Amino acid sequence: MAHKTHHRPASRSVGVEDLVPLSSAEKHIKVGRGSKLLPALGIDFGTKFVGIALAASPLAQPLTIAANNDYLLSYICALIDDYQVHTVVIGISENKTAALTKIFAHRLAATVTARIEFVDETLSTQVVKAKLAAAGRRLKPDERVDHYAAAELLQDWLDEQEAL
């Protein structure tokens with residue numbers, strides 16, 4: 001059986017000048033129950049590392065941490081194809097990182113057919129660190145938690161979809 005591809009031809013490059021601030025409605029878009037949402041990929045975008053989580057059911061799971069480099073978009077597209085992802089949930093934080101996240105999201109949207117959703121992820125990393133500490137888990141000074149942050153923001157989004 002042939003594997004269905006989720007790629008579209010790439011469009012023009014998106015620059016900072018093409019971006020407009022997200023309205024409060026855009027920060028957390030609600031989707032009706034009738035839509036096919038899962039599998040869903042969660043992305044905690046950072047300037048050096050990107051946390052990635054997956055939800056094939058109503059439970060988000062940390063998947064991996066990827067370097068934010070020239071191969072990131074191709075890697076995310078491969079994950080979308082491999083897991084047959086229908087929805088990509090991208091966390092938006094503040095300031096310069098938010099602008100870079102929007103640029104990445106525009107490029108991803110021009111490349112895949114998966115639905116792109118945004119959620120506010122301003123404190124997701126701090127929430128994850130607090131939860132791990134409460135569970136008695138000590139983090140090493142250089143230990144990355146980006147994939148857990150991606151799972152946290154994806155789980156928040158999934159829980160909101162259940163409440164609709």
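Buried, as the word is applied to residues in these legends, means under 20% relative accessible area, whereas exposed means over 50% and partly exposed lies in between. The views that follow are taken from a predicted model.

**Figure 1. The salt bridge between Glu117 and Arg115 joins a buried residue to a partly exposed one.** The side chains of Arg115 and Glu117 meet in a salt bridge with a nitrogen-to-oxygen distance of 2.6 Å. Glu117 has a relative accessibility of 1% and is therefore classed as buried, while Arg115, with a relative accessible area of 36%, is partly exposed. By the rule used for such pairs, the count in the model comes to four salt bridges, and the pair in this view is one of them.

**Figure 2. Lys131 and Glu152 form a salt bridge between two helices.** The N to O distance between the side chains of Lys131 and Glu152 is 3.0 Å. Lys131 lies in helix H4, which covers residues 124–134, and Glu152 lies in helix H5, which covers residues 146–163, so the pair ties together parts of the chain that are 21 residues apart in sequence. Of the two partners, Lys131 is partly exposed at a relative accessible area of 49%, whereas Glu152, at 14% relative accessibility, counts as buried.

**Figure 3. The side chains of Arg144 and Asp146 meet in a salt bridge.** The nitrogen-to-oxygen distance in this pair is 2.8 Å. Asp146 is buried, its relative accessible area being 9%, and Arg144 counts as partly exposed, with a relative accessibility of 39%. As a general point on such pairs, side chains of opposite charge can pair when their charged atoms come close.

**Figure 4. Pro39 and Gln84 bring two loops into one view.** Pro39 is found in the loop between helix H1 (24–27) and strand E1 (40–44), and Gln84 in the loop between helix H2 (72–82) and strand E4 (87–92). Although Pro39 and Gln84 are 45 residues apart along the chain, their C-alpha atoms are separated by 6.8 Å. Pro39 counts as buried at 18% relative accessibility, a value that falls under the 20% limit, while Gln84, at 42%, counts as partly exposed.

**Figure 5. The surroundings of Pro39 include residues distant from Pro39 in sequence.** When residues up to four places away in sequence are not counted, Pro39 touches Leu54, Ala55, Ala56, Tyr83, Gln84, Val85, His86 and Thr87. Among them, Ala55 is 16 residues from Pro39 in sequence, with a C-alpha to C-alpha distance of 5.5 Å.

Conventions:
Residues numbered from 1 in each chain as written. Predicted model: local features only at pLDDT ≥ 70, side-chain atom pairs only at ≥ 80, totals over all residues. Heavy atoms only, no water. Buried < 20%, exposed > 50% of the residue type's maximum accessible area, 1.4 Å probe, protein only. Helix = DSSP H or I, 4+ residues; strand = E, 2+ residues; numbered from the N terminus. Contact = heavy atoms within 4.5 Å.
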